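I opened a new page for this protein today. These are my notes, in the order I looked things up.

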Amino acid sequence: MKENIKLFAKVSTTLFTSILNDVQMNNSIVEQIDLQGDRQKYRTNVKAQMTDWNMIDKPGFNSLVNIICNSVKEISMTKYNIPFNPIINDIWGINYKKNDTTLEHDHWPSTFSCVYYINPPKNCPSLIFSELDFQLKPKHGLLVIFEGWLKHYVPKVDFEGSRYTVSCNVGYHK
């Protein structure tokens, strides 16, 4: 007996966004990103200046971690009706300059992933979700939380200044 299996071309997903306005947190994060400089040497999907993977205890990052964990708990209950005990598996900072890029990738097996923007310059690149055919233009203080399996990238764009972001992976803590 042959089973019929249907594959769906598009999936239903949601991007969760919020605007944060914590000047001290933002200043501390930018300072930490600048202090770290480029620790990854362009060897990851991120082809830009990137910090260490584990910035969880660094000034500013620690405040953002609390916000992210509380947000993920709320999202999990509101959208999925499931209590979720989040743990930050990785959190890192990025300083994009003109023509830096991030190759298309996902964060599976992380349940959620996040990106946070601090003072993005005019004309800097968007975050592209290819499977959703959707572009998200960076805004100051924008926190984006999305499912970890969702493919995304940052295209090369010629712009002036620094595009500071924080990215992280969120898993479930038992």
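**Entry 1: a loop serine**

I am working from a predicted model. I began at S110 and listed what it touches. Leaving aside neighbours within four places in sequence, S110 is in contact with N89, G148, W149, N169 and V170. I then asked where S110 sits. It lies in the loop between β5 (101–105) and β6 (112–118). Is S110 buried or exposed? Its relative accessible area is 8%. The cut-off for buried is under 20%, so S110 counts as buried.

I checked the residue before it too. P109 lies in the loop between β5 and β6. The peptide bond from W108 to P109 is cis, and I read its omega as near 15 degrees. I noted the background: most peptide bonds are trans.

**Entry 2: the whole protein**

I stepped back to count elements. The protein has two helices and eleven strands. From the N terminus on, I wrote the order down as β-α-β-β-α-β-β-β-β-β-β-β-β. Next came the radius of gyration, which is 17 Å. The globule rule gives 16 Å for 174 residues. The two values are close, so the protein is as compact as a globular protein of that length.

I also looked up the box. Along the principal axes, the C-alpha atoms fill roughly 60 × 35 × 25 Å. Of the 174 residues, 47% are buried. The exposed area is about 9800 Å², and carbon and sulfur atoms supply 50% of it.

How far along the chain do contacts reach? I took contacts between residues at least 6 apart in sequence. Of these, 78% join residues at least 24 apart.

**Entry 3: helix α1**

I turned to α1, which covers residues 23–36. It has 14 residues. From its first C-alpha to its last it reaches 20 Å, close to the 20 Å expected at 1.5 Å a residue.

I looked at both ends. At the N-terminal end, D22 acts as a cap: one of its side-chain oxygens lies 3.3 Å from the backbone nitrogen of Q24. After the helix comes G37, with a positive phi near 65 degrees.

Which residues of α1 are buried? I listed M25, N26, S28, I29, V30, Q32, I33 and Q36. Then I looked for their cover. It includes α2 (61–80), β4 (86–96), β6 and β11 (163–172).

**Entry 4: Q36**

I picked Q36 out of that list. It is found in α1. Its relative accessibility is 11%, so Q36 counts as buried. Its side chain reaches the backbone nitrogen of D52 at 2.9 Å. Not counting residues up to four places away in sequence, Q36 touches T51, D52, M55 and K58.

**Entry 5: cysteines**

I searched for disulfides. A disulfide is a covalent bond between the sulfur atoms of two cysteines. How many did I find here? The count comes to zero.

I wrote down two cysteines. For C124, the nearest cysteine sulfur is that of C114, 19 Å away, and C124 is in no disulfide. For C168, the nearest cysteine sulfur is again that of C114, at 3.6 Å. The cut-off is 2.5 Å, and C168 is in no disulfide.

Are these two buried or exposed? C124 has a relative accessible area of 3%, so it is buried. C168 is at 1% and counts as buried.

**Entry 6: L142**

I moved on to strand β9, residues 142–147, where L142 lies. L142 is at 7% relative accessibility, so it counts as buried. Not counting residues up to four places away in sequence, L142 touches T17, S18, I19, V115, Y116, Y117, L136 and K137. I also looked up its distance to T111. These two are 31 residues apart along the chain, and their C-alpha atoms are separated by 20 Å.

**Entry 7: positive phi values**

Last, I checked backbone angles. Most residues other than glycine have a negative phi. I noted two with a positive value. Phi of N119 is near 45 degrees. Phi of N123 is near 70 degrees. Where do they sit? N119 lies in the loop between β6 and β7 (127–129). N123 lies in the loop between β6 and β7 as well.

Technical notes:
Residues are numbered from 1 along each chain as its sequence is written. This is a predicted model: local features need pLDDT of at least 70, side-chain atom pairs count only at pLDDT 80 or more; totals for chains, interfaces and linings use all residues. Side-chain values use heavy atoms; hydrogens and water are left out. Helices (H or I, at least four residues) and strands (E, at least two) are DSSP runs, numbered from the N terminus. Buried means under 20% relative accessible area, exposed over 50%, partly exposed in between (1.4 Å probe, protein chains only). A polar contact is a pair of N or O atoms within 3.5 Å; within protein, one must be able to donate a hydrogen and the other to accept it, and residues adjacent in sequence count only if both atoms are side-chain atoms. Contact means heavy atoms within 4.5 Å. The expected span of a helix is 1.5 Å times one less than its number of residues. The radius of gyration is taken over C-alpha atoms; the globule rule is 2.2 Å times the number of residues to the power 0.38. Accessible areas come from the Shrake-Rupley method with a 1.4 Å probe; for residues, only the protein chains shown count as cover.
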